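Grab a pencil and work through these short exercises with the model in view. Each one has a task and then a solution in steps.

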Amino acid sequence: TLTRESRFILLWGHNPAETNVHQWRLVREAQENGARVAVVDPRSTDTSDGADLHLQPRPGTDGALALGLAHVIVDEGLHDADFLRDHAVGVDAFLERIAAFPPELVARITGLEVQEVRTLARTFALGKPALLVAGFGLQRHRHAGQAMRAVALLPALTGNVGVRGGGWQY
């Protein structure tokens with residue numbers, strides 16, 4: 001859950017400054033307490049204007065971006081192997097899948113710069129506790145269910161599940 005303990009908050013396809021003002025107040029409080037805030041949204045919004053980092057991928061490329069972030073996190077050894085070993089099923093298949101999504105390919109698919117992909121991956125993985133808040137924007141395209149699954153795996157990959165100030169919200 002979103003608390004003052006969050007050190008990094010990733011708002012993905014979610015615009016709380018305009019659609020959930022109560023939650024936006026909590027995001028801003030966390031930010032005032034030192035948390036960094038990133039937004040993944042093709043559009044510029046009041047939320048992205050208040051963020052520390054704003055990535056604007058092509059609409060419908062969220063799944064590729066999530067897999068690319070996971071690729072960087074694992075490739076750089078920033079994942080929580082102990083958490084995955086103890087609490088996850090199907091890790092080997094997931095690791096095999098993300099190997100096909102290096103940041104160079106993800107940049108071409110999403111229209112982002114390679115460095116943007118790497119920066120978001122590193123910031124999320126190192127910003128513990130990190131909270132990922134997904135919004136309805138992720139559901140509004142073909143294969144959205146798979147994109148949501150890929151995004152939802154990032155908190156587990158980085159050991160942010162069951163950690164105060166970290167995890168996943170939808």
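**Exercise 1. Work out how strand β4 (residues 130-134) pairs with β5, and place that pair in its sheet.**

Solution. Start with the pair: β4 and β5 run in the parallel sense and share three bridges (strands are DSSP E runs of at least two residues, helices H or I runs of at least four, both numbered from the N terminus; pairing takes at least two DSSP bridges). One bridge joins Leu 131 to Gly 167 in β5. Now zoom out: the open sheet has five strands, ordered β3-β2-β1-β4-β5, with parallel pairing. At its edges sit β3 (53-55) and β5 (167-169), each pairing on one side only.

A note on the model: it is predicted, so local features need pLDDT of at least 70 and side-chain atom pairs pLDDT 80 or more, while totals for chains, interfaces and linings use all residues. Residues are numbered from 1 along each chain as its sequence is written, and side-chain values use heavy atoms, without hydrogens or water.

**Exercise 2. Describe how helix α4 (residues 62-75) and helix α9 (residues 144-157) cross.**

Solution. First, the axes come within 7 Å and cross at roughly 25° (lines fitted to C-alpha atoms over the stretch in contact, with angles from 0 to 180 degrees between N-to-C directions). Next, the two helices are therefore roughly parallel (under 35 degrees; over 145 is roughly antiparallel, 65 to 115 roughly perpendicular, the rest oblique). Last, look at who meets whom: Ala 66 and Leu 67 are among the α4 residues, and Val 151 and Leu 154 among those of α9 (contact means heavy atoms within 4.5 Å).
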